[in-house]
Amino acid sequence: MSPATALLEAQAPAPVRKALSYSSDDIKRMLPHRWPMLMIDRAYDVVPGVSGRGIKSVSVNEPFFAGHYPDHSIMPGVMIVESMAQLVAVVYVAEILESAEGTGGDDASQSVGYLGSISNMKFSRLVVPGDQLTLEAKLGQRLGGLRQVKVRATVGTELAAAGTLVVTTGRKG
């Protein structure tokens with residue numbers, strides 16, 4: 001390869017990855033979670049292994065409302081974080097599915113890891129029945145078997161929560 005060809009290849013933009021969307025049925029195939037712990041209804045603008053957005057429609061019928069401030073229904077912060085973490089898992093599994101396309105077989109949901117840590121999580125708004133959470137996740141650097149992720153949840157234009165998660169990139173034991 002000539003130096004000019006090498007220079008042109010080095011300057012070539014990275015290939016653009018197509019953003020994908022996943023329905024609730026797709027998500028059930030991607031994640032091991034089931035009711036009442038399946039917390040996202042839809043994922044969209046998913047760039048496998050990079051970023052994604054998702055929707056969590058908050059219903060008064062959610063089981064946690066029965067015991068979490070029963071006279072003033074608010075979604076627990078840990079459930080908001082779980083919703084964001086599940087979006088992260090969809091982005092991660094989408095990358096596995098994309099790289100395994102055509103190989104068939106393996107259950108990608110078995111590759112979903114665990115939440116390792118929550119950092120600098122700030123809750124800015126109460127989330128109540130009838131709200132629709134828009135979730136965002138942007139995967140960051142890998143730290144061995146861990147991955148750092150920036151996450152946000154909004155209701156309309158209002159920020160509900162934002163912070164950093166560290167997730168494992170696989171299951172152990």
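This is a short dialogue on how to read the features of a predicted model.

Biologist: Where should I start, and what secondary structure does the protein have?

Modeller: Start with the parts list, bearing in mind that the model is predicted. The protein has 3 helices and 7 strands. Along the sequence they follow the pattern α-β-α-β-β-α-β-β-β-β.

Biologist: How many residues does the protein have, and what percentage count as buried?

Modeller: There are 173 residues, and 39% of them count as buried. On the outside, the protein exposes about 9700 Å², with carbon and sulfur atoms supplying 55% of that area. You can also look at how contacts span the chain: among those between residues at least 6 apart in sequence, 63% join residues at least 24 apart.

Biologist: Now the sheet, please. What is the order of its strands?

Modeller: For a sheet, read the order across it, then the edges, then the twist. Here the 7 strands form an open sheet in the order β1-β2-β3-β5-β6-β7-β4, with antiparallel pairing. Its edge strands are β1 (20-22) and β4 (115-123), each of which pairs on one side only. Ignoring direction, neighbouring strands are turned by 20° against each other on average.

Biologist: Which helix packs on this sheet?

Modeller: That is helix α3, residues 77-99. Helix α3 touches β1, β2, β3, β4, β5, β6 and β7, and its direction makes about 55° with that of β5.

Biologist: How do I read the individual strand pairs? How many bridges join β1 to β2?

Modeller: Count the bridges, then look for residues that face each other across the pair. β1 and β2 run antiparallel and are joined by 2 bridges, with Y22 having A43 in β2 as its bridge partner. Moving on, 4 bridges join β2 to β3, again antiparallel. In that pair Y44 stands opposite R53 in β3. β2 and β3 form a hairpin with 3 residues between them, and G49 in the turn has a positive phi of about 75°.

Biologist: Over how many bridges do β6 and β7 pair?

Modeller: Strand β6 (residues 146-155) pairs with strand β7 (residues 158-168) over 10 bridges, in the antiparallel sense. As a landmark, K150 stands opposite T164 in β7.

Biologist: Let us turn to charges. Why can charged side chains pair at all?

Modeller: Opposite charges on side chains can pair when the charged atoms come close. In the whole structure, a search finds 9 salt bridges. One of them joins the side chains of D26 and R29, at 2.7 Å from N to O.

Biologist: Where do D26 and R29 sit in the chain?

Modeller: Both belong to helix α2 (residues 24-30); because they are 3 residues apart there, about one helical turn separates them. D26 is partly exposed, with a relative accessible area of 23%, while R29 is exposed at 55%.

Biologist: Which residues are linked in a network of salt bridges?

Modeller: The network links D45, R53, E136 and R152. Take R53 as the way in: its side chain meets that of D45 at 3.6 Å, N to O. R53 also forms a salt bridge with E136, the closest N and O atoms being 3.4 Å apart. That second pair links distant parts of the chain, with E136 in strand β5 and R53 in strand β3, 83 residues apart. R53 is partly exposed at 33% relative accessible area, D45 is partly exposed at 38%, and E136 is partly exposed at 23%.

Biologist: And the interior? Which residues have the most contacts inside the largest nonpolar core?

Modeller: They are M75, M84 and L133, in a core of 40 residues. Two or more residues of this core come from each of α2, β2, α3, β5, β6 and β7. The largest share, 12 residues, comes from α3.

Biologist: Which residues is L133 in contact with, leaving aside its neighbours within four places in sequence?

Modeller: Its contacts include G54, I55, M75, I80, V127, A153, V155 and A160.

Biologist: One last stop: is G144 buried or exposed?

Modeller: G144 is exposed, with a relative accessible area of 68%. You will find G144 in the loop between β5 and β6. Its C-alpha atom is separated by 9.1 Å from that of T168, which lies 24 residues away along the chain.

Notes
Residues are numbered from 1 along each chain as its sequence is written. This is a predicted model: local features need pLDDT of at least 70, side-chain atom pairs count only at pLDDT 80 or more; totals for chains, interfaces and linings use all residues. Side-chain values use heavy atoms; hydrogens and water are left out. Buried means under 20% relative accessible area, exposed over 50%, partly exposed in between (1.4 Å probe, protein chains only). Contact means heavy atoms within 4.5 Å. Accessible areas come from the Shrake-Rupley method with a 1.4 Å probe; for residues, only the protein chains shown count as cover. Two strands pair if DSSP finds at least two bridges between them. Axes are lines fitted to C-alpha atoms, for helices over the stretch in contact, and angles run from 0 to 180 degrees between N-to-C directions. A salt bridge is a side-chain nitrogen of Lys or Arg within 4 Å of a carboxyl oxygen of Asp or Glu. A nonpolar core is a set of buried Ala, Val, Leu, Ile, Met, Phe, Trp, Tyr and Cys residues joined through side-chain atoms within 4.5 Å.
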